[in-house]
Amino acid sequence: MDRYARWNALLEILTDSGRISVEEAAERLDVSQATIRRDFDQLAQQQMITRTRGGAVANGVSYDLPLRYKTAKHAPEKQRIGAAAAALVSPGMVVALNGGTTTTEVARALAVRPELTGGVDDAQLTVVTNALNIANELLVRSRMKIVVTGGVVRPQSFELVGPLGGNILRDVTLDIALLGVDALDVTLGAAAHHEGEAAMNSLMVARARRVVIITDSSKLGGHAFARICPVDRIDTLVTDSNATEQTLAAFAEAGVKIVTA
């Protein structure tokens, strides 16, 4: 288990239990107590946890972990979802991608499809994104036309938020918006923890002919602080095969097409 995966596991444990000792953490993660102490010290320096005598307690912010700590969670499912979502994209489209681990997998899947890339002057795919990491993924792996919105960078997700980005999004037309979310519920709709991210995503929804929500099954039926859009604005849901039949049936009944990966 690498450092970020270990940190992610520790933060998830603290989210569930509120506190943990060095001895218990070392036993659960099968590493030395010295390694756990270093992990706790480094996480405390980043204000992710609070060190205590012999252990650590949660700071109450683990619901919105920085993106680099989330990469190990549901990784196989996210890779399959990313490939399935990328398959919905055709040459010549204008595609919107927001930030997140699942949309990063979509970007990687798009980048390895040679029919989607062209020369500098004749790019066969245009990607509009407010996520700096996704723009970088596509720039170094392909020759697509990349449009990055303006805004202020949010370090947790590498996403640009705020009115500067909104000005750009209001002036573009999108064929398809592929959006990762923090929660998706049949009644409450798609939502994000951060209101700035939700606002940018809502603008993408408003400018898109087709809206595709991409999320692993752990987020289905959940809720988050700021709504992105209602379910009736969602055309397609791409999720993993761990989603229950009952959950998927509820979305299908609401008129959402289901793709399982």
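A residue counts as buried here when its relative accessible area is under 20%. In this predicted model, that term applies to every residue of strand S5, which spans residues 126–129. Thr-126 and Val-128 point one way from the strand, while Val-127 and Thr-129 point the other way. In a regular strand, side chains alternate between the two faces of the sheet.

Strand S5 has a partner on either side in an open sheet of seven strands, ordered S6-S5-S4-S9-S12-S14-S15 with parallel pairing. The edges of this sheet are S6 and strand S15 (257–260), each of which pairs on one side only. Averaged over the sheet and with direction ignored, neighbouring strands are turned by 20° against each other.

The pairing around S5 can be followed residue by residue. Strand S4 (residues 94–97) runs parallel to S5 and is joined to it by four bridges. Val-94 has Thr-126 as its bridge partner in S5, and Leu-97 stands opposite Thr-129. Helix H6 packs on the sheet, where it touches S4, S5 and S6, and its direction makes about 165° with that of S6.

Toward the edge, S5 is joined by four bridges to strand S6 (residues 145–148), again in parallel. Here Thr-129 stands opposite Val-148. The connection between S5 and S6 passes through helix H6 (residues 132–141), giving a right-handed β-α-β crossover.

The charged side chains form eight salt bridges. One of them links Asp-39 and Arg-6, with an N to O distance of 2.5 Å. Because Asp-39 belongs to helix H3 (residues 33–45) and Arg-6 to helix H1 (residues 3–17), this pair ties together parts that are 33 residues apart in sequence. Asp-39 is buried, at a relative accessible area of 1%, and Arg-6 also counts as buried, at 12%.

A salt bridge within a single helix is found between Glu-24 and Arg-28, whose closest N and O atoms are 3.6 Å apart. Both residues lie in helix H2 (residues 22–29), four residues apart, or about one turn of the helix. Glu-24 has 37% relative accessibility and so counts as partly exposed.

Arg-113 and Glu-115 form another salt bridge, at 2.7 Å from N to O. Arg-113 is buried, with a relative accessible area of 18%, whereas Glu-115 is partly exposed at 35%. Elsewhere, Glu-105, Arg-108 and Glu-137 are joined into one network by salt bridges that share partners.

Technical notes:
Residues numbered from 1 in each chain as written. Predicted model: local features only at pLDDT ≥ 70, side-chain atom pairs only at ≥ 80, totals over all residues. Heavy atoms only, no water. Buried < 20%, exposed > 50% of the residue type's maximum accessible area, 1.4 Å probe, protein only. Helix = DSSP H or I, 4+ residues; strand = E, 2+ residues; numbered from the N terminus. Pairing = 2+ DSSP bridges. Right-handed = clockwise from strand over helix to strand, strands pointing away. Axes fitted to C-alpha atoms, helices over the stretch in contact; angles between N-to-C directions. Contact = heavy atoms within 4.5 Å. Salt bridge = Lys/Arg side-chain N within 4 Å of Asp/Glu carboxyl O.
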